[in-house]
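User: I'd like to learn how to read a few features of a model, one at a time. Could you walk me through them?

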Amino acid sequence: VLVDYVAVGAMRTVLPYYVKHLGASGAAVGALETLYGVGQIAGAVALGWLSDARGRKAVLLLSFAGAAAGYSVASAAVALGSVPF
């Protein structure tokens, strides 16, 4: 959980600078932050419902696997140079 909070905190700190580096406006940064919040709400509702239906352990394992896959893709993007950091 700590790794997740650190990664999300780092992403949300760097995102505005990266988006502006790509030439987007401040409105685009706001839209991305809004989409992130909407995704958090939708994910919490969906995973809560799924947890009630299938059990907490299965949903936690699914969440951890999804987070691991996302962090793997992000680190591969940095390693391959598609993200200029």
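User: Let's start with a single side chain. Is Arg 12 buried, partly exposed or exposed?

Analyst: Happy to help, and please keep in mind that this is a predicted model. The general idea is to look at relative accessible area, where under 20% means buried and over 50% means exposed. Arg 12 has a relative accessible area of 40%, so this residue is partly exposed.

User: Which residue does the side chain of Arg 12 meet in a salt bridge?

Analyst: For a salt bridge, look for a side-chain nitrogen of Lys or Arg within 4 Å of a carboxyl oxygen of Asp or Glu. Here the partner of Arg 12 is Glu 33, with 2.6 Å from N to O. The pair ties together distant parts of the chain: Arg 12 belongs to helix 1 (residues 2-21) and Glu 33 to helix 2 (residues 26-54), 21 residues apart. The structure holds 1 salt bridge.

User: Is Leu 15 buried or exposed?

Analyst: Leu 15 sits in helix 1. Its relative accessibility is 18%, and because the cut-off for buried is under 20%, Leu 15 counts as buried. As for distance, the C-alpha atoms of Leu 15 and Gly 26 are 11 Å apart, with their positions 11 residues apart along the chain.

User: Now for empty space. How much space lies in the largest pocket?

Analyst: Rolling a probe the size of a water molecule over the atoms reveals where empty space remains. In this model, the largest pocket has about 660 Å³ of space. It is lined by 17 residues, and those closest to its centre are Asp 4, Gln 40, Leu 47, Ser 63 and Ala 67. Helix 1, helix 2 and helix 3 (56-80) each give two or more residues to that lining.

User: Which helix gives the most to the lining, and what classes of residue are found there?

Analyst: Helix 3 gives the most, with 7 residues. Sorted by class, the lining of the largest pocket has 12 nonpolar, 4 polar and 1 charged residues.

User: How far apart are Ala 67 and Asp 4 in sequence and in space?

Analyst: It helps to read both separations side by side. Ala 67 and Asp 4 are 63 residues apart in sequence, while their C-alpha atoms are 7.9 Å apart in space. Ala 67 is placed in helix 3 and is partly exposed, at 26% relative accessible area. Ala 69 is also found in helix 3, and with 42% relative accessibility Ala 69 is partly exposed. From Ala 69 to Ile 41, 28 residues away along the chain, the C-alpha separation is 20 Å.

User: Which residues form a nonpolar patch on the surface?

Analyst: To find one, look for nonpolar side chains within 5 Å of each other, on residues with over 30% relative accessible area. Leu 60, Leu 61 and Phe 64 form such a patch, with about 330 Å² of accessible area together. Leu 60 lies in helix 3, and this residue is partly exposed, with a relative accessible area of 48%.

Note on methods: Residues are numbered from 1 along each chain as its sequence is written. This is a predicted model: local features need pLDDT of at least 70, side-chain atom pairs count only at pLDDT 80 or more; totals for chains, interfaces and linings use all residues. Side-chain values use heavy atoms; hydrogens and water are left out. Helices (H or I, at least four residues) and strands (E, at least two) are DSSP runs, numbered from the N terminus. Buried means under 20% relative accessible area, exposed over 50%, partly exposed in between (1.4 Å probe, protein chains only). On a 1 Å grid over the protein atoms alone, a cavity is a set of points where a 1.4 Å probe fits but cannot get out, and a pocket is an open set with protein on both sides within 12 Å along at least five of seven lines; lining residues have an atom within 4 Å of a point. Grid points are joined across faces, edges and corners, and a volume is the space filled by probe spheres set on the points. Ala, Val, Leu, Ile, Met, Phe, Trp, Tyr, Cys and Pro count as nonpolar, Asp, Glu, Lys and Arg as charged, and the others, Gly among them, as polar. Patches are made of residues with over 30% relative accessible area and no salt bridge: like charges are joined within 9 Å, nonpolar side chains (Val, Leu, Ile, Met, Phe, Trp, Tyr) within 5 Å. Accessible areas come from the Shrake-Rupley method with a 1.4 Å probe; for residues, only the protein chains shown count as cover.
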